[in-house]
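Let us walk through this structure step by step, beginning with a single residue and then turning to a helix.

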Amino acid sequence: MNILGISGSLRQASFNTALLLAAQELAPDGMNIAIHRLHDLPLFDQDVEEQGDPAPVTALKQAIDAADGLLLACPEYNGGITGVLKNAVDWASRIGKARKIAALSGKTVCIIGASPGATGTVRAQDQLRLILRRAGARTEPQGDVLVFQAHTKIIDGRLADARTREALGRHLQGFAVRLAATAP
Ligand SMILES: Cc1cc2nc3c(=O)[nH]c(=O)nc-3n(C[C@H](O)[C@H](O)[C@H](O)COP(=O)(O)O)c2cc1C
């Protein structure tokens with residue numbers, strides 16, 4: 001089971017990227033999580049799209065195509081998702097010139113998130129779910145990983161909090177079961 005992990009933060013010391021790294025460690029047997037970085041992804045521009053997808057866009061779409069499911073680590077900026085993540089979703093929701101179906105169409109997505117604040121990115125995660133559904137993706141029906149006060153749980157880039165590690169591991173197990181149940 002190949003899962004593509006994407007962090008909505010470009011920050012070197014990102015809590016959300018750290019959460020993805022923890023997910024790699026805690027994934028159940030048979031689940032492999034590869035992390036795709038968004039640092040090179042250009043801002044969506046329909047004029048550019050009409051010329052053909054730039055290489056980082058093609059790379060993103062191909063990585064999504066190759067994945068059985070997506071694991072999105074969703075930071076929260078001003079009560080919503082980051083521009084970085086929205087930009088990636090916008091590109092991946094588009095057919096572009098070379099495809100018949102958008103990369104996100106029908107893809108199953110599991111959402112997690114971390115914030116130093118008290119709500120663990122719940123508002124951004126809710127928003128992301130709506131946006132993904134609009135783009136034709138399938139979002140996980142239950143369970144959220146909302147890592148609040150992330151600075152007390154993610155230390156030096158490592159998820160150190162035992163309860164959060166257990167919750168994340170359980171969440172990934174559920175994701176694996178549901179993905180297997182819906183596999184074509
Ligand atoms: C522009 C901006 C807006 C933010 N707004 C929120 C917010 O609405 N809710 C929240 O919990 N944290 C907010 N934060 C704090 C982020 O959660 C924090 O910077 C977090 O570390 C970002 O995720 P990262 O560690 O993965 O980069 C905001 C940060 C920035 C830079």
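Which residues does Ser 14 touch, not counting residues up to four places away in sequence? In this predicted model, the residues that Ser 14 touches under that condition are Ser 7 and Ser 9. Ser 14 itself is placed in the loop between β1 (2-7) and α1 (15-26). It counts as buried because 20 other C-beta atoms lie within 10 Å, and 20 or more are what a buried residue requires.

Ser 14 also belongs to the surroundings of the ligand, where 15 residues are found, and those that come nearest are Ser 9, Ser 14, Asn 16, Ser 115 and Gly 117. Taken by character, the shell around the ligand is made up of nine polar, four nonpolar and two charged residues.

From here we can turn to helix α3, whose residue Gln 62 is 48 residues from Ser 14 along the chain, with 25 Å between the two C-alpha atoms. Helix α3 (residues 55-66) has twelve residues, which at 1.5 Å a residue should span 16 Å, and the C-alpha atoms at its ends are indeed 16 Å apart, so the two values agree.

Within α3, the buried residues are Val 57, Leu 60, Lys 61 and Ile 64. Because these residues cover an arc of only 95° around the axis, they lie on the same side of α3. An α-helix has 3.6 residues a turn, so residues three or four places apart point the same way. The buried residues of α3 are covered by elements including β1, β2 (32-36), β3 (69-73) and α4 (83-92), whereas the face turned away from that buried side carries the exposed residues Ala 55, Gln 62 and Ala 66.

Technical notes:
Residues numbered from 1 in each chain as written. Predicted model: local features only at pLDDT ≥ 70, side-chain atom pairs only at ≥ 80, totals over all residues. Helix = DSSP H or I, 4+ residues; strand = E, 2+ residues; numbered from the N terminus. Buried ≥ 20, exposed ≤ 12 C-beta atoms within 10 Å, placed from the backbone. Contact = placed C-beta atoms within 7 Å. Near = placed C-beta within 6 Å. Nonpolar A, V, L, I, M, F, W, Y, C, P; charged D, E, K, R; others polar. Expected span 1.5 Å × (residues − 1). Arc of directions from axis to C-beta.
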